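Work through the following exercises with the sequence and the model side by side, and try each task before reading its solution.

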Amino acid sequence: MFTKKEKIQIEFCQNNLDRFLNEQTLAEFGKFLRNPRIQYKEYECLSECKLCNKAPYAKVNGQIMSGENTQDLLNQLQNILK
């Protein structure tokens with residue numbers, strides 16, 4: 001009758017966040033990460049240096065997800081909650 005939705009595990013590279021986040025997207029990411037279904041962790045480095053230099057990314061349940069910009073990545077992350 002009631003289905004419990006799985007938690008989503010997201011890993012972020014601190015170097016990547018520092019490179020691509022700005023004040024506006026930082027606030028939007030903060031709001032998104034307060035969702036009770038989201039478990040996240042920031043690491044200093046996720047060893048994805050080539051991708052890290054080109055685009056914002058995150059590992060979602062172990063799979064890499066990247067965006068053209070931080071807003072695009074956030075939109076993709078929000079879509080997994082639906």
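The exercises below go from the whole chain to single residues.

The model is a predicted one, in which local features need pLDDT of at least 70, side-chain atom pairs count only at pLDDT 80 or more, and totals for chains, interfaces and linings use all residues. Residues are numbered from 1 along each chain as its sequence is written, and side-chain values use heavy atoms, with hydrogens and water left out.

**Exercise 1. Describe the fold order and the overall dimensions of the protein chain.**

Begin with the secondary structure, where helices (H or I, at least four residues) and strands (E, at least two) are DSSP runs numbered from the N terminus. The protein chain has 4 helices and 4 strands, and from the N terminus on they follow the order β-α-α-β-α-β-β-α.

Next, turn to the dimensions: the C-alpha trace spans about 45 × 25 × 20 Å along its principal axes. The radius of gyration, taken over C-alpha atoms, is set against a globule rule of 2.2 Å times the number of residues to the power 0.38. For 82 residues a compact globule would have a value near 12 Å, and the 13 Å of the protein chain agrees with this.

Finally, consider the contacts, which require heavy atoms within 4.5 Å. Among contacts with a separation of 6 or more, 68% are accounted for by residues 24 or more positions apart.

**Exercise 2. Work out which residues form the aromatic cluster, and how its rings are arranged.**

A pair of aromatic rings is described by the distance of the centres and the angle of the planes. Rings of Phe, Tyr and Trp (its six-membered ring) pair if their centres lie within 6.5 Å, and planes under 30 degrees apart count as stacked, over 60 as edge-to-face and the rest as tilted.

The structure holds 2 aromatic pairs. In one of them, the ring centres of Phe 12 and Phe 29 are 6.1 Å apart and the planes stand at 75 degrees, so this pair is edge-to-face. Because Phe 12 lies in strand β1 (residues 8-13) and Phe 29 in helix α2 (residues 23-33), the pair ties together parts that are 17 residues apart in sequence.

Phe 12 also forms an edge-to-face pair with Tyr 40, at 6.4 Å centre to centre and 70 degrees between the planes. Tyr 40 lies in strand β2 (residues 38-43), so its pair with Phe 12 in strand β1 ties together parts that are 28 residues apart in sequence. Phe 12, Phe 29 and Tyr 40 thus form one aromatic cluster.

For the surroundings, buried means under 20% relative accessible area, exposed over 50%, and partly exposed in between (1.4 Å probe, protein chains only). Phe 12 at 2% and Phe 29 at 4% both count as buried, whereas Tyr 40 at 42% counts as partly exposed.

**Exercise 3. Establish whether Thr 70 is buried or exposed, and list its contacts outside its sequence neighbourhood.**

Thr 70 lies in helix α4 (residues 70-80), and its relative accessibility of 9% means that Thr 70 counts as buried. With neighbours within four places in sequence left aside, Thr 70 is in contact with Phe 20, Leu 21, Thr 25, Phe 29 and Pro 56.

**Exercise 4. Examine the backbone at Ser 47 and Asn 61, and place each residue in the chain.**

Most residues other than glycine have a negative phi. Ser 47 has a positive phi near 55 degrees; this residue sits in the loop between β2 and α3 (49-54), and Ser 47 is exposed, with a relative accessible area of 59%.

Asn 61 has a positive phi near 50 degrees and lies in the loop between β3 (57-60) and β4 (63-66). At 48% relative accessibility, Asn 61 counts as partly exposed.
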